[in-house]
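Open the model in your viewer and show it as a cartoon, with side chains available on demand. The stops below say what to select and what is found there.

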Amino acid sequence: MTALAVHLVLRLREEESAGRIEHQIAMGAGRIGVMGGWLAVSAVGVTLALLASAVGLGIGTASALDDRAWLWRLIGATLGYLPAVLAVLGLAVALVGWAPRAAKAAWILVGWIAVVVFFEDLLGIPDAVADISPVALTPTAPAEDASVMVLICLTAAAAVLSGIGLWGMRRRDLTGA
């Protein structure tokens, strides 16, 4: 889902590079309105995609185990990753707002998340290094108790990074084709 979040935000950068954002601003839409709308649609999109995957996983598990409680358990556990996904989305927004030419660097975090998720144990990555990944910070519910403070901090980071990106978009010139 982090890859989807970065892709959706970087699509705004592509629209800007192609000169299509200038037309919206010329028609009266403000920079913050354009980017804020894009951010809102991206956040809703990744939330719905995460929810859809949770429902699919929950239905499959509930059917296999013949226990409906797994549906709700897995929906809750999967949505526990939403703050981490939104934090990655916020980083991409901050990069688009402040360093548009370097915005593709958000893919580095997506790659690191994949390395940590799939190869942390195999490569013996220390916890302190793995914790650069917001996904690694998310408790693996229902196996672990969810740490509400971690989820709050990730949500706050997402909001702050998104705000920084909106502020950056407001202060800079658009770069067309």
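The tour starts with the whole chain, moves to the first helix and the core, and ends at single residues.

**Whole chain**

Keep in mind throughout that this is a predicted model. Select everything. The protein has 9 helices and 0 strands, so a cartoon colored along the sequence will follow the pattern α-α-α-α-α-α-α-α-α. Along the principal axes, the C-alpha atoms fill a box of roughly 55 × 35 × 25 Å. The chain has 177 residues, and 38% of them count as buried. Among contacts with a separation of 6 or more, 69% join residues 24 or more positions apart.

**Helix α1**

Select residues 2-17, which form helix α1. Its end C-alpha atoms are 23 Å apart, which agrees with the 22 Å that 16 residues should span at 1.5 Å a residue.

Which residues of α1 are buried? Color T2, A5, V6, V9, L10, L12, R13, E15 and E16 to see them. The list includes R13, E15 and E16 as well as V6, V9 and L10. To see what covers these buried residues, turn on the surrounding helices, including α2 (20-26), α3 (31-65), α5 (82-98), α6, α8 (134-137) and α9 (148-171).

Step just past the end of α1 to G19, where phi is positive at about 85 degrees.

**α1 against α6**

Add residues 106-123, helix α6, to the selection. Two packed helices are described by the angle between their axes and the distance between the axes. Here the axes come within 9 Å and cross at roughly 170 degrees. Angles over 145 degrees count as roughly antiparallel, and α1 and α6 are therefore roughly antiparallel to each other.

Show side chains at the contact: T2, A3, V6, H7 and L10 on α1, and A106, W107, V110 and I113 on α6. Sorted by class, this contact holds 7 nonpolar, 2 polar and no charged residues.

Stay on α6 and pick A114. At 31% relative accessibility, A114 counts as partly exposed. Draw a distance from A114 to A3: their C-alpha atoms are 9.7 Å apart, with these positions 111 residues apart along the chain.

**V6 and the nonpolar core**

Return to V6 and display what surrounds it. Leaving out residues up to four places away in sequence, V6 touches V88, A92, A106, W107 and V110.

V6 also belongs to the largest nonpolar core, which has 32 residues. Which residues have the most contacts inside this core? They are V6, M35, L89 and V96. The elements giving two or more residues to the core are α1, α3, α5, α6 and α9. Of these, α5 gives the most, with 11 residues.

**Helix α9**

Now select α9, residues 148-171. This helix has 24 residues and reaches 35 Å from its first C-alpha to its last, close to the 34 Å expected at 1.5 Å a residue. Color L151, L154, A158, S162, G165, L166, G168 and M169, which are buried. An α-helix has 3.6 residues a turn, so residues three or four places apart point the same way. The buried residues of α9 pack against α1, α3, α5 and α8.

Zoom in on S162, within α9. At 10% relative accessibility, S162 counts as buried. Beyond residues up to four places away in sequence, S162 touches L39, G90 and V93.

**α4 and the loop before it**

Select residues 69-79, helix α4, and pick T78. Is T78 buried or exposed? T78 is buried, with a relative accessible area of 13%. Its contacts, again without residues up to four places away in sequence, are L50, S53, A54 and L57.

Last, move to D66, in the loop between α3 and α4. Most residues other than glycine have a negative phi, and most peptide bonds are trans. D66 is not a glycine, yet its phi is positive, about 55 degrees. At 72% relative accessibility, D66 counts as exposed.

Note on methods. Residues are numbered from 1 along each chain as its sequence is written. This is a predicted model: local features need pLDDT of at least 70, side-chain atom pairs count only at pLDDT 80 or more; totals for chains, interfaces and linings use all residues. Side-chain values use heavy atoms; hydrogens and water are left out. Axes are lines fitted to C-alpha atoms, for helices over the stretch in contact, and angles run from 0 to 180 degrees between N-to-C directions. Helices (H or I, at least four residues) and strands (E, at least two) are DSSP runs, numbered from the N terminus. Angles under 35 degrees count as roughly parallel, over 145 as roughly antiparallel, 65 to 115 as roughly perpendicular and the rest as oblique. Contact means heavy atoms within 4.5 Å. Ala, Val, Leu, Ile, Met, Phe, Trp, Tyr, Cys and Pro count as nonpolar, Asp, Glu, Lys and Arg as charged, and the others, Gly among them, as polar. The expected span of a helix is 1.5 Å times one less than its number of residues. Buried means under 20% relative accessible area, exposed over 50%, partly exposed in between (1.4 Å probe, protein chains only). A nonpolar core is a set of buried Ala, Val, Leu, Ile, Met, Phe, Trp, Tyr and Cys residues joined through side-chain atoms within 4.5 Å.
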